[in-house]
Amino acid sequence: MPRLSQVLALLMLGLPLGCRQPESSASDDPLFAFDADQVMVGLQHVLTSDGVRIARLRADTAYFYSAKSEIALRGLELDFFSPGGVVQSVLRARSGVYNPATGDMRAEGAVEVRDASRDRRLETESLRYDAGQDQLIGTSSFVFYRGATTTRGSSFEADPAMDNVRTTQASLVAPGVAVPK
C-alpha cells in the first residue's frame, strides 16, 4: 500500500497538467493593439540643442513607428529647462506624438503647461511644440492664467517659460481671477 506522502506527490505532479491555463499571445495584450515596431513602457528621453539639455520627455507608454519616424506617447510629461538648467515649466497631456528627427511634438487631451515657479498656467485640448522655434503653438481654444488675470481665446503662441504669450483672437481677459491650484 502506497504511503500517503507518495500519493500526494503523484497528485501534485499531475495537478499542473490538468489545470493548464490557456496560452495567450502578445497580440492579446492591449499594449500591442497598435501596429508599432516597438513598444516601450516607462520612456524617458532628454532633448538637447548643441549639447545643452532643453527638455526631458517622459511617457507611460511609447509606440515607435520607424516608417513615420514618430513615437506615439501615452501619459506624457515634458519638462522645459532654462539655459541655466532649471525647470521652467512642465507640460502634461494624455497623449502625444514626438518626432525624434526634428524634436517637434504634438500633445493632446487635457493639455496643461504649468510654470514651475510662478502663477502661470495654460490649459488647452491640443498644442504642438516647434523645437526649431522653441514655441508652443495652439490652434484650439485655451485658457491662460497669469497671476490674477485669466485670458481665454481660440489660438496662441508662447515660449515654454510662458514669458511671451501671444494670443490671436482672445475672447476674454478677466482681471481679478486667481490661478487655481
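This report looks at strand E4 and its surroundings in a predicted model.

Strand E4 covers residues 87-98, and 9 of its 12 residues are buried, so that the strand is mostly covered. Two other strands pair with E4, and each pairing is described in turn below.

On one side of the account stands strand E3, made of residues 70-81, which runs antiparallel to E4 and is joined to it by 10 bridges. Within this pairing, Asp-79 has Val-90 of E4 as its bridge partner. The other pairing is with strand E5, residues 105-115, which is also antiparallel to E4 and is joined to it by 8 bridges. Here Arg-92 is found opposite Glu-112 in E5.

Both pairings are hairpins, and the table sets out their turns.

| Hairpin | Residues between the strands | Turn glycine | Phi of the glycine |
|---|---|---|---|
| E3 and E4 | 5 residues | Gly-85 | positive, about 90° |
| E4 and E5 | 6 residues | Gly-103 | positive, about 85° |

E4 also takes part in the largest nonpolar core, which has 27 residues, and Leu-73, Leu-91, Met-105 and Leu-127 are those with the most contacts inside this core. The elements that each give two or more residues to the core are the strands E1 (38-49), E2 (52-65), E3, E4, E5, E6 (120-130) and E8 (142-146).

Which residues does Leu-91 touch, if those up to four places away in sequence are not counted? Among them are Leu-76, Leu-78 and Phe-80, together with Met-105, Ala-107 and Val-111, and also Leu-127 and Leu-136. Leu-91 touches Glu-77 and Glu-112 as well, and Glu-112 is the residue that Arg-92 stands opposite.

Terms used:
Residues are numbered from 1 along each chain as its sequence is written. This is a predicted model: local features need pLDDT of at least 70, side-chain atom pairs count only at pLDDT 80 or more; totals for chains, interfaces and linings use all residues. Side-chain values use heavy atoms; hydrogens and water are left out. Buried means under 20% relative accessible area, exposed over 50%, partly exposed in between (1.4 Å probe, protein chains only). Helices (H or I, at least four residues) and strands (E, at least two) are DSSP runs, numbered from the N terminus. Two strands pair if DSSP finds at least two bridges between them. A nonpolar core is a set of buried Ala, Val, Leu, Ile, Met, Phe, Trp, Tyr and Cys residues joined through side-chain atoms within 4.5 Å. Contact means heavy atoms within 4.5 Å.
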